[in-house]
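Trainee: I have a new model open and would like to learn to read it strand by strand. Could we go through it together?
Mentor: Happily, let's bring it up.

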Amino acid sequence: MRVVTDFLSEPPFEILSPVEQTHPFVFNSPHSGTAYPEDFLAASRLDRRRIRLSEDAHVDKLFMHVVTAGVPLLRAHFPRAYLDVNREPYELDPRMFDGRLPAFANVRSIRVAGGLGTVPRVISESEEIYAGPMPIEAALDRIETLYKPYHAALTRLLAQTHVRFGRAVLIDCHSMPSSVRGQDAKGRSDFVLGDRHGTSASRALTDHAAGALTALGYKVAINRPYAGGFITEHYGRPAKGLHALQIEINRSLYMDERTLDPHSGFVRLTAELADFIDGLLRLPLEVVCPSPGRFAAE
């Protein structure tokens with residue numbers, strides 16, 4: 001698998017930039033990529049439909065309004081099943097690979113145990129992705145040529161935003177299945193907001209987002225069952241004026257989860273998310289993300 005040549009016809013990710021950034025927000029869609037390299041598909045035991053089940057399909061399109069509203073959007077084109085940038089850089093499952101893993105690899109995390117490391121072993125419902133072992137060099141190549149540049153781009157966006165506005169707010173955008181094995185779909189929330197239990201973003205930001213979505217008629221949960229992944233944890237530093245909030249959207253609101261095609265709810269949800277985004281951007285900075293000095297003193 002030669003990662004360097006897999007994304008020559010299109011970039012592995014892109015930043016959709018406004019004419020001028022007018023708000024201290026950065027939106028990120030790391031799991032909506034649909035560019036599946038042919039050699040990756042050939043190495044998989046899954047067909048083209050099944051392997052897409054781990055995608056946050058169409059999430060980047062749901063949030064496209066942010067660009068016209070004056071906020072950049074970073075989105076991946078490579079798929080989550082190929083490489084998951086919402087993990088530590090070296091969360092690797094030694095059962096997957098031919099060859100010795102680096103000594104610094106994290107092989108004992110809960111995510112690795114579940115098959116959902118930086119290079120995932122499974123997709124949803126624990127279906128194995130690969131027909132056989134992968135050379136460890138292929139995994140390390142993906143990390144060097146895709147993972148690290150992606151995070152470098154996100155870091156740069158947040159740093160530029162922080163310099164310009166004195167603080168930065170990352171909204172990390174995801175989707176979730178309407179039901180999981182052993183749980184009643186009727187009890188599933190429409191949105192789950194994750195702020196790492198108050199450690200990655202100001203409570204005012206989380207509470208406002210939850211209140212705005214509830215006012216639109218949606219059922220909203222906070223930190224249950226998703227408190228935020230590596231991205232939220234890594235970039236959220238409220239005491240330094242860096243806030244990170246994860247948003248999970250119930251897929252049944254906007255798409256057929258079997259075919260992954262948008263249904264009639266997609267247009268409505270997109271419009272309501274635009275209203276939600278506009279309301280979020282209108283909030284006074286000192287309300288949603290207190291200045292670092294004030295936050296630290298409270």
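Trainee: In E11, which residue is the bridge partner of Ser-175?
Mentor: Keep in mind that this is a predicted model. Ser-175 belongs to E8, residues 168–176, and E8 pairs with E11 in the parallel sense over nine bridges. Within that pairing, the bridge partner of Ser-175 is Ile-249.

Trainee: And on the side of E2, which residue stands opposite Asp-172 in E8?
Mentor: E2 covers residues 25–29, and its pairing with E8 is parallel, over four bridges. The residue opposite Asp-172 is Asn-28.

Trainee: How many of the nine residues of E8 are buried?
Mentor: In a regular strand the side chains alternate between the two faces of the sheet. Here, Ala-168, Leu-170, Asp-172, His-174 and Met-176 are buried on one side of E8, and Val-169, Ile-171, Cys-173 and Ser-175 are buried on the other. E8 is therefore largely enclosed by the rest of the structure, and its buried residues number nine of nine.

Trainee: What is the strand order of the open sheet?
Mentor: The sheet has seven strands with mixed pairing. Its edge strands, each pairing on one side only, are E1 (13–16) and E10 (220–222). The twist averages 20 degrees from one strand to the next. Read across, the order is E1-E3-E2-E8-E11-E9-E10.

Trainee: Which residue of E10 is the bridge partner of Phe-191?
Mentor: E9, residues 191–194, pairs with E10 in the parallel sense over three bridges. For Phe-191, the partner is Val-220.

Trainee: Which helix packs on the sheet at about 160 degrees to the direction of E2?
Mentor: Look for a helix that touches E1, E2, E3, E8 and E11. A second helix, H7 (residues 203–215), lies across E8, E9, E10 and E11, but its angle is quoted against E10, at about 165 degrees. The helix you want spans residues 136–165 and is H6.

Trainee: Which element gives the most residues to the largest nonpolar core?
Mentor: That core has 45 residues, and those with the most contacts inside it are Phe-78, Leu-83, Phe-97 and Val-119. H2 (38–43), E3, H6, E8 and H8 each supply at least two residues. With eleven residues, the top contributor is H6.

Trainee: How many residues are in the second, separate core?
Mentor: Its members include Val-59, Ile-277 and Cys-289. Ile-249, the bridge partner of Ser-175, is also in this core. The count for the second core is 40 residues.

Trainee: Is Thr-232 buried or exposed?
Mentor: Thr-232 lies in H8, residues 230–235. Beyond its neighbours within four places in sequence, Thr-232 is in contact with Asp-172, Gly-194, Arg-196, Ser-200, Ala-244, Leu-245 and Gln-246. Its relative accessible area is 1%, and the cut-off is under 20%, so Thr-232 counts as buried.

Trainee: What radius of gyration does the protein have?
Mentor: Along its principal axes, the C-alpha trace spans about 55 × 40 × 35 Å. The globule rule gives 19 Å for 298 residues, and the protein comes close to that, so it is as compact as a globular protein of that length. Its radius of gyration is 19 Å.

Terms used
Residues numbered from 1 in each chain as written. Predicted model: local features only at pLDDT ≥ 70, side-chain atom pairs only at ≥ 80, totals over all residues. Heavy atoms only, no water. Pairing = 2+ DSSP bridges. Axes fitted to C-alpha atoms, helices over the stretch in contact; angles between N-to-C directions. Contact = heavy atoms within 4.5 Å. Rg over C-alpha atoms; globule rule 2.2 N^0.38 Å. Buried < 20%, exposed > 50% of the residue type's maximum accessible area, 1.4 Å probe, protein only. Core = buried A, V, L, I, M, F, W, Y, C linked by side-chain atoms within 4.5 Å.
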